[in-house]
Amino acid sequence: MVPVMNEELVSRLMELFAQTLDHQGTCLESLELTYAQAKLVWRLEAGDTPSLKEAARRCGVDPSNLSAVVDQLTERGLMTSRPANHDKRVRLVRLTADGVRMRRRLLGCMSQNPSLDALSADQQKQLLELLREVA
């Protein structure tokens, strides 16, 4: 009995994941961000100045892969990149004011998930509590 329930649970989670990915794609397209750019913007808070290495760790990628993303966001005026005072080989990144606004727009768009909007406020609260326990 438990495996059948687990199979349905996994199946429904995968469906929610797929719907969330579709919604994410719509948000990223409307904001003209790639997935990699959005992931970096999402992982930085206003005023946060991690090293490129730390930002890459937060995004779960190699620093060499994130370097081009930082350059793209810098060209768009959404991020700055500069050498660290303590070690010029270390590159520090930071969202600009436009980058912080883009982050707010990204979070706002992603928060308007049709799958979650179909739930009542109480159901959303229950789901959040369950997700906090497992994720």
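This short presentation covers helix packing, salt bridges and selected residues in a predicted model.

Good morning, colleagues. I shall begin with the packing of two helices. Two packed helices are described by the angle between their axes and the distance between the axes. Here the pair is helix H2, residues 35-43, and helix H4, residues 63-75. Their axes come within 10 Å and cross at roughly 80°. That crossing makes H2 roughly perpendicular to H4. As to the residues involved, H2 contributes Ala-36, Gln-37, Leu-40 and Val-41. On the H4 side, these meet Leu-66, Val-69, Val-70, Gln-72 and Leu-73.

I turn now to charged pairs. Side chains of opposite charge can pair when their charged atoms come close. How many salt bridges does the model contain? The count comes to eight.

Let me start with Arg-103 and Glu-45, whose closest N and O atoms are 3.3 Å apart. Arg-103 lies in helix H5, whereas Glu-45 belongs to the loop between H2 and helix H3, so this salt bridge ties together parts that are 58 residues apart in sequence. The two partners also have their own accessibility values. Arg-103 counts as buried, at 14% relative accessibility, while Glu-45 is partly exposed, with a relative accessible area of 47%.

Another salt bridge joins the side chains of Asp-71 and Arg-91, at 2.6 Å from N to O. This pair also links distant parts of the chain: Asp-71 is in helix H4 and Arg-91 in strand E2, residues 91-95, with their positions 20 residues apart. Asp-71 is partly exposed at 36% relative accessible area, and Arg-91 counts as partly exposed at 22%.

Within helix H5 there is a further pair, Asp-98 and Arg-101, whose side chains meet in a salt bridge at 2.4 Å, N to O. Because these residues are three apart in helix H5, about one helical turn separates them. Asp-98 counts as partly exposed at 40% relative accessibility, and Arg-101 is partly exposed at 42%.

Charged residues also form a network. Asp-48, Glu-54, Arg-57 and Arg-58 are linked in a network of salt bridges.

Next, helix H1, which spans residues 2-31 and includes Met-14. Together with Val-10, Phe-17 and Leu-21, Met-14 makes a nonpolar surface patch of about 390 Å². His-23 is also placed in H1. Is His-23 buried or exposed? His-23 is buried, because its relative accessible area is 12%, and the cut-off for burial is under 20%. Leaving aside residues up to four places away in sequence, His-23 touches Cys-109, Met-110, Gln-112, Asn-113 and Pro-114.

Gly-108 is found in helix H5, residues 97-111. Gly-108 is partly exposed, with a relative accessible area of 30%. Gly-108 and Cys-27 are 81 residues apart in sequence, yet their C-alpha atoms are 9.4 Å apart in space.

I close with a backbone detail. Glu-32 is found in the loop between H1 and H2. What is phi of Glu-32? The angle is near 55°, a positive value in a residue other than glycine. At 62% relative accessibility, Glu-32 counts as exposed.

Thank you for your attention.

How values were computed
Residues are numbered from 1 along each chain as its sequence is written. This is a predicted model: local features need pLDDT of at least 70, side-chain atom pairs count only at pLDDT 80 or more; totals for chains, interfaces and linings use all residues. Side-chain values use heavy atoms; hydrogens and water are left out. Helices (H or I, at least four residues) and strands (E, at least two) are DSSP runs, numbered from the N terminus. Buried means under 20% relative accessible area, exposed over 50%, partly exposed in between (1.4 Å probe, protein chains only). Patches are made of residues with over 30% relative accessible area and no salt bridge: like charges are joined within 9 Å, nonpolar side chains (Val, Leu, Ile, Met, Phe, Trp, Tyr) within 5 Å. Accessible areas come from the Shrake-Rupley method with a 1.4 Å probe; for residues, only the protein chains shown count as cover. A salt bridge is a side-chain nitrogen of Lys or Arg within 4 Å of a carboxyl oxygen of Asp or Glu. Axes are lines fitted to C-alpha atoms, for helices over the stretch in contact, and angles run from 0 to 180 degrees between N-to-C directions. Angles under 35 degrees count as roughly parallel, over 145 as roughly antiparallel, 65 to 115 as roughly perpendicular and the rest as oblique. Contact means heavy atoms within 4.5 Å.
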